[in-house]
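Subject: Structure for you to look at

Hello,

Here is the structure I said I would pass on. Please open it first, then read the notes below it.

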Protein chains: 2
Amino acid sequence: MSFLEKYRRATDARNSLVCVGLDPDPERLPAHLSGTHDPVSAFLKDVISATCDLVCAYKPNFAFFGALGAAGWRSLEDVLSAIPDATPVVLDFKANDIGNSARRYAQMAYDALGVDAVTVNPLMGTDAVAPFMEYQDGCAFLLCLTSNPGSADFQRLSTQDGPFYQRVARKAVEWSRTGPCGLVVGATHARELSTVRRIAPGLPFLVPGVGAQMGDPGRVIRYGSDRNGKGLLVNASRSVLYASSGRDFARAARCAAESLRVELERERAASSSA
Amino acid sequence: MSFLEKYRRATDARNSLVCVGLDPDPERLPAHLSGTHDPVSAFLKDVISATCDLVCAYKPNFAFFGALGAAGWRSLEDVLSAIPDATPVVLDFKANDIGNSARRYAQMAYDALGVDAVTVNPLMGTDAVAPFMEYQDGCAFLLCLTSNPGSADFQRLSTQDGPFYQRVARKAVEWSRTGPCGLVVGATHARELSTVRRIAPGLPFLVPGVGAQMGDPGRVIRYGSDRNGKGLLVNASRSVLYASSGRDFARAARCAAESLRVELERERAASSSA
């Protein structure tokens, strides 16, 4: 089943726009897991089984696995195998290279790791993005306006074609005619979310930056959702994973994810009746 | 020893600005290696031992290893361990993420894989690049103007601060005050190489795009070298690795690398006497 179909079914069945980011930080894992064979995978698998009925997607962050070397790759495979097939997986990799090499990154994501979607940095342009578009069941989430302060350095530059991030959004709409894609827009830029939504009314948005980065979930819904009040994957990582550092970490993760889900649903209800 | 010091010593000792890109394509490996335990690593290790006295660096391309899954990671580790310590290694990864995650990518490159330098996509701005700058013995090669046709889509945009790629070059000069960095400028843009060199007279340039992509090595030297006729890593991948598909592949790779080295040295001699 395609990413988009899995995503639609998961949001409908669970009334959820919550995406949980899987960023395993060895220094923040609960102490009692330190004796297990693979604490990273043990930790994340417990988080997944505690949350998988209330999220619309998971987003493993490759950086945190890659930093752990070959063992991290094995943990990532192990974690991916524990995610129920009905829940789509977005590999957060921010992949980018010339066509010849970008094709290999698409193979890594879709064939070697078997994920449903992947984040892609669009800076290198059409031929660098095209190999990801060839996976008609996948989805390439293109960095548009990222949640960090440094996004102002380049992504907000005025160009002959409007602000840089708006040109990315327009290019994504153009590219989406050849294959499935979406946009990454940080929750910390709520106003710009509505501009990007006007440019790309039909694309799914992956929205990081609520939780630890303090983006406002209510504003994400008001400014970012599509005409059906959907089209969003609102990502929280640290605020869910590390809600508790004790033995109750999985239950605490569930509470944090559920409270974000409820907050988003309340805002959706308010927006649709407004 | 730092990347920059290793690079300087290698270029001086070997009179070479040649960087060989390690992009293992399983479909192009010599047939007689197919029975070996790890054909990718067997192939690249033979190429390395045939060329390591005449290159200034190697550039493994993560995409080609990642596409092979966990086995690819092991091949990469195996290949890295076969590169003599005197020859610096640039991991071509085009890493990018917000600070918190970018730190993990720097750990992956410098700690887990133990390379000397890494390519970085600067689109996410200062805080995304900063974690790489903290490795004072490393070097972050920032994408400035890539060799592919799609580079025109975003990297050549006119901004309030000049063409986008020139702003990247200026930012790199600013960032280089906090830590070592360089720029990636494709050989296919020879004229722009001289503009970038004017903006960043002291930074090392990684220049892909000679060989299979048809960039002109002579123009790279004329337009891209620093005041000492150096400051370049001129990369060739496919034209060296796949110079022969037979049992003589390593010797053929050596000939291709040596012929590029000689061509670059001839041009350096001509430029310095001009």
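Two strands are said to pair if DSSP finds at least two bridges between them. Please keep in mind that this is a predicted model.

By that rule, strand 3 and strand 4 (residues 117–120) of chain A are a parallel pair, with three bridges. Within this pair, Leu91(A) has Val118(A) in strand 4 of chain A as its bridge partner.

Both strands belong to an open sheet of eight strands in chain A, with parallel pairing and the order 2-1-10-9-8-5-4-3. Strand 2 and strand 3 (90–95) of chain A have a single partner strand each, so each has one side without a neighbour in the sheet. From one strand to the next, the twist averages 30 degrees. Helix 8 (residues 164–175) of chain A packs on the sheet and touches strand 5 (140–145) and strand 8 (181–185) of chain A.

At the other edge, strand 2 of chain A pairs in the parallel sense with strand 1 (residues 18–22) of chain A over four bridges. Here Cys19(A) is opposite Ala57(A). Together with helix 2 (residues 39–51) of chain A, these two strands form a right-handed β-α-β unit. In strand 2 (residues 57–60) of chain A, Ala57(A) and Lys59(A) point one way, Tyr58(A) and Pro60(A) point the other way, and all are buried.

Chains A and B also touch: 48 residues from chain A and 48 residues from chain B take part in the contact. On the chain B side, helix 5 gives the most, seven residues. That side has 20 nonpolar, 19 polar and nine charged residues.

Regards

Technical notes. Residues numbered from 1 in each chain as written. Chains lettered and ligands numbered in written order. Predicted model: local features only at pLDDT ≥ 70, side-chain atom pairs only at ≥ 80, totals over all residues. Contact = placed C-beta atoms within 7 Å. Nonpolar A, V, L, I, M, F, W, Y, C, P; charged D, E, K, R; others polar. Buried ≥ 20, exposed ≤ 12 C-beta atoms within 10 Å, placed from the backbone. Right-handed = clockwise from strand over helix to strand, strands pointing away. Axes fitted to C-alpha atoms, helices over the stretch in contact; angles between N-to-C directions.
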